[in-house]
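Reader: I should like to learn how features of a fold are read from coordinates. May we begin with exposure and then turn to the sheet, the core and the ligand shell?

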Amino acid sequence: MNNLRIAILGSGSMGTAILDGLIAKGTPADHIAVSTKSAAAGNALNNRLGVHAYSQELDSDANILAVDQADVVLVAVKPAYVLEVLGEVATSLKPGALVISVAAGITTQAMEQTLPAATAVIRAMPNTPAIVGRAMTGISAGSRAEAGHLELATQLFAAVGKTMILDEPRIDALSTISGSGPAYVFFLIEQFTKAAEHQGFTPAEATELVNETFRGAIDLLLASHKSPSELRRQVTSPNGTTMQAIARMEQAQFDQVFAEATDAALRRAREIAAGK
Ligand SMILES: NC(=O)c1ccc[n+]([C@@H]2O[C@H](COP(=O)([O-])OP(=O)(O)OC[C@H]3O[C@@H](n4cnc5c(N)ncnc54)[C@H](OP(=O)(O)O)[C@@H]3O)[C@@H](O)[C@H]2O)c1
């Protein structure tokens with residue numbers, strides 16, 4: 001992996017998170033070329049990390065320059081620009097280069113139609129904890145991708161966290177869980193923090209109590225190898241205080257709310273894929 005040349009087309013929050021992860025895991029900066037729209041963003045990446053950075057503002061061929069000699073081309077522009085960017089670089093790809101997109105809703109079929117017939121394509125769905133090396137990334141092979149391509153994509157995303165290979169029809173479902181999931185967790189933390197303030201804690205105290213409780217609970221869950229239900233029962237003594245709180249939450253039918261929320265996200269993912 002560290003010997004390969006990698007191009008990252010679009011280096012915003014997701015592209016940069018993956019770039020930082022690759023460098024942290026030992027990919028030499030001079031093996032990586034990135035493209036951005038603005039010159040300022042490109043210069044900042046060049047100054048901070050020493051990668052080859054090309055910006056569309058300074059050179060309309062920025063994407064073509066970035067893919068020159070690249071073994072892996074990671075596309076991390078907004079979904080609306082993915083096919084346009086692939087069209088730009090299609091005839092400049094190194095023979096055998098693997099193209100990976102992280103764009104929501106852009107199918108491997110659409111990418112394959114835009115690229116030369118032999119180009120293998122992979123679609124991936126990381127999430128924002130990639131920024132701290134804790135992503136959960138779903139990876140799906142296009143029709144021309146082989147086991148070696150999936151292995152390469154897995155190694156690349158392992159630089160920012162954990163990976164799961166799945167068939168493409170399931171990637172929209174994955175995006176409603178791990179893709180959008182950090183937002184659900186932040187929403188729960190927001191509500192729980194408001195509850196702490198309601199119980200008389202200052203905003204700073206409430207933040208510390210809630211953040212440490214989430215961190216402690218997830219660390220305990222992962223370290224104990226017990227199920228969340230089992231751990232919950234350990235905190236819930238019969239007729240105690242926690243039992244009262246959980247009973248009220250059960251009344252609110254959280255299970256149904258989560259099922260309906262992820263159904264709504266899935267419907268929207270399918271609309272986006274259909275161009276709506
Ligand atoms: N953020 C997430 O949570 C997340 C999760 C999973 C997947 N994704 C996917 O990741 C992709 C990028 O999302 P993001 O949140 O990282 O967006 P972002 O922060 O807006 O980054 C987009 C990047 O694309 C660059 N760009 C725009 N037009 C370009 C062009 N024609 N050629 C080259 N570069 C161009 C921008 O350059 P400037 O900075 O100079 O404008 C910027 O570096 C999306 O397709 C999204 O679906 C994001």
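Author: A residue counts as buried if 20 or more other C-beta atoms lie within 10 Å of its own, and as exposed if 12 or fewer do. Please bear in mind that this is a predicted model.

Reader: Why does alanine 118 count as exposed?

Author: Alanine 118 has 10 C-beta neighbours inside 10 Å, and therefore falls in the exposed class. This alanine sits in the loop between helix H5 (108–114) and strand S6 (120–125). Between alanine 118 and threonine 202 there are 60 Å in space, C-alpha to C-alpha, and 84 residues in sequence.

Reader: How many residues of helix H11 are buried?

Author: The count is zero among the 11 residues of helix H11 (241–251), a helix that is hardly covered. Just after H11 comes glutamine 253, with a positive phi of about 55°.

Reader: In what order do the strands of the sheet run, and which are the edge strands?

Author: An edge strand pairs on one side only. Here the open sheet has eight strands in the order S3-S2-S1-S4-S5-S6-S7-S8, with mixed pairing. Its edges are strand S3 (52–55) and strand S8 (161–165). On average, neighbouring strands are turned by 20° against each other, direction ignored.

Reader: In what sense do S7 and S8 pair, parallel or antiparallel?

Author: Strand S7 (135–141) pairs with S8 in the parallel sense, over five bridges. Glycine 138 stands opposite methionine 164 of S8. Helix H6 (147–158) lies across S7 and S8, as well as strand S4 (72–75), strand S5 (98–101) and S6, and runs at about 165° to S7.

Reader: Which residues have the most contacts inside the largest nonpolar core?

Author: They are Ala7, Ile8, Ile18, Val73, Leu74 and Val75, in a core of 59 residues. Valine 75 may serve as an example: leaving aside neighbours within four places in sequence, its contacts include Leu9, Val82, Val85, Leu86, Val99 and Ile100. Gly10, Ser101 and Ala103 are also among the contacts of valine 75.

Reader: Which residues around the ligand come nearest?

Author: Of the 28 residues around the ligand, Gly10, Gly12, Met14, Ser38 and Ala103 come nearest. Helix H1 (13–24) and strand S2 (32–36) are the elements that give two or more residues to this shell. H1 gives the most, with three residues.

Reader: How is the shell around the ligand divided by class?

Author: The shell has 13 nonpolar and 13 polar residues, together with two charged ones.

Terms used: Residues are numbered from 1 along each chain as its sequence is written. This is a predicted model: local features need pLDDT of at least 70, side-chain atom pairs count only at pLDDT 80 or more; totals for chains, interfaces and linings use all residues. Helices (H or I, at least four residues) and strands (E, at least two) are DSSP runs, numbered from the N terminus. A residue is near a molecule or strand if its C-beta atom, placed from the backbone, lies within 6 Å of it. Ala, Val, Leu, Ile, Met, Phe, Trp, Tyr, Cys and Pro count as nonpolar, Asp, Glu, Lys and Arg as charged, and the others, Gly among them, as polar. Two strands pair if DSSP finds at least two bridges between them. Axes are lines fitted to C-alpha atoms, for helices over the stretch in contact, and angles run from 0 to 180 degrees between N-to-C directions. Two residues are in contact if their C-beta atoms, placed from the backbone, lie within 7 Å. A nonpolar core is a set of buried Ala, Val, Leu, Ile, Met, Phe, Trp, Tyr and Cys residues joined through C-beta atoms within 7 Å.
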